[in-house]
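Subject: Structure handover

Hi,

Here is the structure I promised to pass on to you. My notes on it follow below, and I hope they help you find your way around.

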Amino acid sequence: MNQTLPTLKVALLGCGVVGTEVARLLIEQADDLAPRVGARLELAGIAVRRVGHRRSAAIDRSLLTADPHALATRPDVDIVVEVIGGIEPARSLMLAALKGGKPVVTANKALLAENGAEIYSAAREYGADLYYEASVAGAIPLLRPLRESLAGDTVHRVLGIVNGTTNFILDRMDSSGAGFAESLEEAQALGYAEADPTADVEGFDAAAKAAILASLAFHTPVTAADVHREGITEVTATDILSARSLGRVVKLLAICERCDGIGQAGNGQGVSVRVHPAMIPRSHPLGSVSEAYNAVFVEAESAGRLMFYGAGAGGTPTASAVLGDIVAVARNRLAGTRGPDASTYAGLPVMPMGETLTRYHVCLDVDDKPGVLAPVAEAYARHDVSIEAVRQASRGAEAQLIIVTHAARDAALAATVRELEALPVVRAVASVMRVEGEEELCPPYARRPGRA
């Protein structure tokens, strides 16, 4: 090994599952990384909350410190890696490092989704790199293509499975017929779900990632608060079976779309960002994504349709993405350059969910007698919602009526469902779920062109 190479010192803030793997990779792959970078990467220190805590044998305990601010601002530190997570102290530490002109690599999706504008602004003001590939979809190289490879293109849509825990649960419900609670317990037993799974199953994790994706794809500031969020706790075995009868599967999707024709003049643009369960065709590229894997489908003007797939979580896959960013910022530092900023020049408005165009799959328990369909169809028509397909199956004195709509404003669809609940012929609205994907519905559904 050429010992004349310069050394770049790396401060590691956090030593949990991901931080431990980052430290291990930096140490074990030091000789391989040096010629790729053009310098040796050396750990300057590792900031932890409890220095005396039991740690992996790969961690050099002499590097541990309980003073993250001192480590992040040390004059000899060249690169700061933040894998603490959460908002504070991560925010203050990152800002302190950036103000010192130090490049920052982070995996902190929650912070970027909530305070991204402040962090990006500090990076620009102080001329420091900010890389965060690991914040969305783990090891999958997704953010850099959006920020760099597609910088000259117009992205219209980003549709993805960005939470492995929920995908595992829904996949088990689909493949085994198990309910939500049983599938969650299995995910926890296998280590795919936390003891408190709220961030995953209620969609908070996916919403933070959707905000980052939308910000990059549409050059528009989007925060987690802008994202319409629904989790999977209300998904039932009935929903899964209904999807199967349609040739579809239920997935928790992050959907980021560029919308045209908004505003009073009807010639403006905006963006829609949402996270919710949806039925998609099994033939769709996302329909076959199983277990705890992630996948993101990007539609761009010139590049067309692109698919990104891989391990979306876990210590080693996430550490791989962090290490890739470390190499990138190290090369920039040696060359005296910076990587591209997360531009927000477009500043498009974020549309409320009620104005977003969606499609609904509605399953009704109704009286099995003549004339039931007419008042149901009239309810859809009153809200200017067009029916695409309908099927009725008799079950003794009652019947199950399944209706799939054409695209309509989500507010109009929700109002239709509320009216259906009040109809005398409707015993219960058994299931309501949005539908995504362009493929045709399977027979035996009867198609009804035009408004119901």
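Strand 14 (residues 387-395) and strand 15 (residues 398-405) run antiparallel and are joined by 8 bridges. Helices (H or I, at least four residues) and strands (E, at least two) are DSSP runs numbered from the N terminus, and two strands pair if DSSP finds at least two bridges between them. Ser 394 has Ala 399 of strand 15 as its bridge partner. The two strands, 14 and 15, make a hairpin with 2 residues between them, and Gly 396 in the turn has a positive phi of about 75°.

Before going further, please note that this is a predicted model: local features need pLDDT of at least 70, side-chain atom pairs count only at pLDDT 80 or more, and totals for chains, interfaces and linings use all residues. Residues are numbered from 1 along each chain as its sequence is written, and side-chain values use heavy atoms, with hydrogens and water left out.

Next, the open sheet. It has 6 strands in the order 3-2-1-4-5-6, with parallel pairing. Strand 3 (64-65) and strand 6 (130-131) are its edges, each pairing on one side only. Strand 3 is joined to strand 2 (residues 40-47) by 2 bridges in the parallel sense, and Ala 47 stands opposite Thr 65 of strand 3. Helix 12 (residues 315-335) packs on this sheet, where it touches strand 1 (7-13), strand 2, strand 4 (79-82), strand 5 (104-106) and strand 6. Contact here means heavy atoms within 4.5 Å. The direction of helix 12 makes about 160° with that of strand 4; angles run from 0 to 180 degrees between N-to-C directions, and axes are lines fitted to C-alpha atoms, for helices over the stretch in contact.

Two helix pairs are worth a look. Helix 13 (residues 373-382) packs against helix 14 (residues 410-422) at about 150°, with the axes 9 Å apart. That makes the two helices, 13 and 14, roughly antiparallel (under 35 degrees counts as roughly parallel, over 145 as roughly antiparallel, 65 to 115 as roughly perpendicular and the rest as oblique). Val 376, Ala 379, Tyr 380 and Arg 382 of helix 13 make the contact with Thr 416, Glu 419 and Leu 420 of helix 14. By class, this contact has 4 nonpolar, 1 polar and 2 charged residues (Ala, Val, Leu, Ile, Met, Phe, Trp, Tyr, Cys and Pro count as nonpolar, Asp, Glu, Lys and Arg as charged, and the others, Gly among them, as polar).

In the second pair, helix 5 (residues 109-125) and helix 10 (residues 204-218) pack at about 55°, with their axes 8 Å apart. Helix 5 and helix 10 are therefore oblique to each other. Their contact has 6 nonpolar, no polar and 3 charged residues.

The structure holds 29 salt bridges (a side-chain nitrogen of Lys or Arg within 4 Å of a carboxyl oxygen of Asp or Glu). One joins Arg 172 and Glu 186, at 2.9 Å from N to O. Arg 172 lies in helix 7 (residues 164-176) and Glu 186 in helix 8 (residues 180-189), so this pair ties together parts 14 residues apart in sequence.

Finally, two backbone details. Most residues other than glycine have a negative phi, and most peptide bonds are trans. The bond from Glu 88 to Pro 89 is cis, with omega near 10°, and Pro 89 sits in the loop between strand 4 and helix 4 (90-99). His 219 has a positive phi, near 50°, and is found in the loop between helix 10 and strand 8 (228-229).

Best wishes
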